[in-house]
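Here are a few notes to help you find your way around this one. Have the structure open as you read.

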Amino acid sequence: GIEASLRELKQLADTAGLLVVGSTYQKLSNPNPRTYIGSGKVAEIKSAIQAFGVETVIFDDELSPGQLRNLEKVFGGDVRVCDRTALILDIFNQRAATREAALQVSLAQMEYQLPRLTRMWTHLERQAGGKVKGMGEKQIEVDKRILRTQIGVLKKELESVRKHRKQYRTRRVSVPVPVVSLVGYTNAGKSTLLNQLTGAEVLAEDRLFATLDPTTRRVQMKNGKEFLLTDTVGFIQKLPTTLVAAFRATLEEISESSLLVHVVDISHPLAEQQIEAVEKVLTELDATSIPKLLVWNKVDKAEDPEKLTLEAERRGDVICISALTGEGLGDFCNAVQEKLKDTMVWIEALIP
Ligand code: GDP
């Protein structure tokens with residue numbers, strides 16, 4: 001619902017380094033064309049802005065450029081108004097650590113701008129009563145052409161960067177070490193698990209998108225066998241489709257894994273929905289044929305850990321762990337090994 005979505009938006013704002021002083025919502029049959037929210041709500045937010053010295057107002061839904069401008073005018077010159085997509089793009093921008101990620105972010109930003117460019121000019125035209133029509137259209141075409149050229153250049157560069165990564169991956173695949181990918185909803189505890197297992201210093205913090213780039217570590221098990229463990233960018237329920245497409249490369253690794261470990265924050269009230277969101281993206285990525293291991297993480301935080309363990313035993317296909325305390329990691333490694341054995345059998349069965 002609205003409240004869960006706003007909670008997630010708050011987490012995103014935290015991740016972007018903003019301090020959230022409050023949130024509010026309004027149910028309208030139709031958004032106000034000028035300000036998106038009604039005038040009463042605008043006044044309410046304005047007084048909160050003055051009371052707390054608010055610098056940024058974030059809307060969970062997409063605003064038209066006209067609405068953005070009108071709201072900024074009402075709220076005062078220094079207040080920045082933005083929507084969820086712009087916020088996520090900010091985070092991606094801050095987190096882009098590699099050349100590929102940086103290129104992906106720039107591409108996503110330009111693709112975000114392209115349709116907004118049109119709407120901005122259309123809006124200006126309407127404001128001028130259609131008098132600037134010819135000029136506006138010409139200007140849109142010029143601006144669009146510039147942006148499209150830049151997008152084309154970026155895509156080519158991205159392709160070449162990806163090709164290099166692919167070559168590296170191909171070499172890695174030829175080494176007989178299975179690749180295990182951690183997938184899961186953002187904040188589920190993937191980096192924490194990776195750290196626990198490998199001592200790798202991957203950023204683990206209570207922020208969304210702590211891991212933007214695929215990070216791979218080698219895990220050695222007690223029996224001497226090893227596997228490569230890869231962390232992936234976290235999924236998010238309301239990730240705009242334009243961003244999903246731009247970040248596909250980051251998730252491409254998934255389709256080359258021997259095993260997917262789906263990490264779930266089982267203490268989260270929306271755990272079920274989050275599992276569904278991840279499954280949906282995996283289907284979109286054609287990754288449904290890869291063996292999967294479902295892991296219920298943060299059992300230490302769960303209301304009734306015992307009940308969870310019983311439920312997991314009843315289902316038989318779930319491993320309960322706490323990536324934080326290390327509880328259940330032995331079982332986890334055994335389950336990974338068991339799953340990998342299955343895949344080896346499967347591969348051998350294919351060889352004549
Ligand atoms: P990621 O986005 O999936 O990589 O999630 P992180 O590994 O960054 O973890 C997100 C937050 O959850 C961090 O504050 C972790 O300390 C916390 N966390 C991860 N695993 C556990 C766990 O098993 N128990 C508890 N209580 N917290 C955890």
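**Notes on the first helix and the ligand site**

1. Let's start with α1, keeping in mind that this is a predicted model. Buried residues in α1 are A4, S5, L6, E8, L9, L12, A13 and T15. An α-helix has 3.6 residues a turn, so residues three or four places apart point the same way. With that in mind, look at L6, L9 and L12, which are among the buried residues of α1.

2. On length, α1 holds 14 residues and spans 20 Å from its first C-alpha to its last, close to the 20 Å expected at 1.5 Å a residue. Just after α1 comes G17, which has a positive phi of about 90°.

3. Next, the loop between α1 (2–15) and α2 (39–52), where you'll find V21. Is V21 buried or exposed? Neither quite fits: V21 counts as partly exposed because its relative accessible area is 47%, and the buried label needs under 20% while exposed needs over 50%. Together with L19 and F52, V21 makes a nonpolar surface patch of about 370 Å².

4. Now for the ligand. Which residues come nearest to it? Out of 16 around the ligand, they are N187, K190, S191, T192 and D300. Helix α7 (residues 190–198) gives the largest share of this shell, with 3 residues.

5. Some polar pairs are worth a look. A ligand oxygen sits 2.5 Å from a side-chain N or O atom of S191, and a ligand oxygen is 2.9 Å from a polar backbone atom of G189. At D300, a side-chain N or O atom lies 2.7 Å from a ligand nitrogen. On its own the ligand has 580 Å² of accessible area, and the protein covers 89% of that.

Definitions and conventions: Residues numbered from 1 in each chain as written. Predicted model: local features only at pLDDT ≥ 70, side-chain atom pairs only at ≥ 80, totals over all residues. Heavy atoms only, no water. Patch = residues over 30% accessible without salt bridge, like charges linked within 9 Å, V, L, I, M, F, W, Y side chains within 5 Å. Areas by Shrake-Rupley, 256 points an atom, 1.4 Å probe, with all protein chains shown as cover. Salt bridge = Lys/Arg side-chain N within 4 Å of Asp/Glu carboxyl O. Helix = DSSP H or I, 4+ residues; strand = E, 2+ residues; numbered from the N terminus. Buried < 20%, exposed > 50% of the residue type's maximum accessible area, 1.4 Å probe, protein only. Expected span 1.5 Å × (residues − 1). Near = heavy atom within 4 Å. Polar contact = N/O pair within 3.5 Å; in protein donor to acceptor, adjacent residues only side chain to side chain.
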